[in-house]
Amino acid sequence: MKQYGLSKENRPNPIVQMGLFMDGSGLPLAFVIHPGNQNEQPTLKPLEKRILKDFQLSKFVVCTDPGLSSHENRLYNSMGNRAFVTTQSIKKLKKHLKEWALDPAGWKIARTNSKSRQLIHLDDLALETDTQVYYKERWINENGLEQKLIVTFSPKHKRYQAGIREKQIERAQRKVAHPSRIEKNRQILRIVSSNPLMSQVRVKSPEKVVTQSINDVGK
């Protein structure tokens, strides 16, 4: 069962995959073991069928990360009494959807029991002090799959991510004086670019770095 595969801890050791289903309370329902070099996406449907059979469920909603939410798995869980909730990277959306998601216009306040449908423009907010959570949503139908896309934005979380990024940039600037150390630090490599032909190392534009952190908040 131990095989060389993609390790989430980026370790070079052989691994074994374990697929685990939990209910809304975090209690285990079923699990399965797979070789470490096997694609995890095809393993979802057989385990779902096992749970539906064992527990005789009338409705099933599966929540996964992007790694398991292939088009085939989403399509399967959009049929019958099944549904799905998954995360989606804005960077991987099609161009028109990415433009819609990053457009500062057309946002709503994510309030519980609120009847207000007032649309918010992010440029009108005091982003340095705002603590609300904002969202926008739309239905999309592509390749035979209809699904609702929900994008959220939190100024508070944006400030948190920007603070982390600033510290990374400061650390990268200190390490620029020692290029040999940069090659061993994956976090530093994300914000530092090098030119091996000219032996140059520089910190990437802080403006672009912070903008990317802001844009990636909504998923």
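Asp 54 is found in helix H1, and this helix makes a good starting point for a tour of the predicted model. Asp 54 is exposed, with a relative accessible area of 52%, a value just past the 50% above which a residue counts as exposed. Between the C-alpha atoms of Asp 54 and Ala 30 there is a separation of 9.7 Å, although their positions lie 24 residues apart along the chain.

Helix H1 itself runs over residues 44–55 and so has 12 residues. From its first C-alpha to its last it reaches 17 Å, close to the 16 Å expected at 1.5 Å a residue. Four residues of H1 are buried, namely Leu 44, Leu 47, Glu 48 and Ile 51. They are on the same side of H1, because they cover an arc of only 105° around the axis. Exposed residues Lys 49 and Lys 53 are carried on the face of H1 that is turned away from the buried side. The cover over the buried residues of H1 includes strands S1 (16–22), S2 (28–35), S3 (60–64) and S4 (82–86), together with helix H2 (71–76). Just after H1 comes Gln 56, which takes a positive phi of about 50°. Most residues other than glycine have a negative phi.

A wider view helps to place this helix. The chain contains 7 helices and 9 strands. It has 219 residues, of which 27% count as buried. Among contacts in the chain with a separation of 6 or more, 42% come from residues 24 or more positions apart.

The interior can be followed through its nonpolar cores. The largest of these has 14 residues, and Ala 101, Trp 107, Tyr 134 and Val 151 are those with the most contacts inside it. At least two residues of this core are supplied by each of helix H3 (95–102), strand S6 (134–142) and strand S7 (145–153). Leaving aside residues up to four places away in sequence, Ala 101 touches Ile 90, Leu 93, Trp 107, Lys 136 and Val 151. A second, separate core has 8 residues, including Phe 21, Ala 30, Ile 51 and Val 62. Ile 51 is also one of the buried residues of H1.

Helix H3 also has a buried side. Leu 97, Trp 100 and Ala 101 are buried in H3. Seen down the axis, the buried residues of H3 fall within an arc of 95°, so they line one face of the helix. These buried residues pack against S6 and S7. Trp 100 has a charged partner as well: the charged end of Lys 136 sits over its ring, 5.4 Å from the centre. Elsewhere, Arg 82 lies over the face of Tyr 76, at 3.9 Å from the ring centre.

Rings can also pair with one another, and a search of the whole structure finds 2 aromatic pairs. Phe 21 and Phe 60 have ring centres 5.8 Å apart and planes at 65°, so this pair is edge-to-face. The pair links distant parts of the chain, with Phe 21 in strand S1 and Phe 60 in strand S3, 39 residues apart. Both Phe 21 and Phe 60 are buried.

The loops complete the picture. Gly 80 lies in the loop between H2 and S4 and is exposed, with a relative accessible area of 70%. The C-alpha atoms of Gly 80 and Ser 58 are separated by 9.8 Å, and these residues are 22 residues apart along the chain. Asn 143 lies in the loop between S6 and S7, where it is exposed with a relative accessible area of 65%. Although Asn 143 is not a glycine, it has a positive phi of about 55°. Finally, Arg 111 has its place in the loop between strand S5 (108–109) and S6. Arg 111 is partly exposed, because its relative accessible area of 47% falls between the limits of 20% and 50%. The C-alpha atoms of Arg 111 and Tyr 134 are separated by 8.7 Å, with the two residues 23 residues apart along the chain.

Note on methods
Residues are numbered from 1 along each chain as its sequence is written. This is a predicted model: local features need pLDDT of at least 70, side-chain atom pairs count only at pLDDT 80 or more; totals for chains, interfaces and linings use all residues. Side-chain values use heavy atoms; hydrogens and water are left out. The expected span of a helix is 1.5 Å times one less than its number of residues. Buried means under 20% relative accessible area, exposed over 50%, partly exposed in between (1.4 Å probe, protein chains only). The arc is that of the directions from the helix axis to the C-beta atoms. Contact means heavy atoms within 4.5 Å. A nonpolar core is a set of buried Ala, Val, Leu, Ile, Met, Phe, Trp, Tyr and Cys residues joined through side-chain atoms within 4.5 Å. Rings of Phe, Tyr and Trp (its six-membered ring) pair if their centres lie within 6.5 Å; planes under 30 degrees apart count as stacked, over 60 as edge-to-face and the rest as tilted. A charge sits over a ring if NZ of Lys or CZ of Arg is within 6 Å of the ring centre and within 35 degrees of the ring normal.
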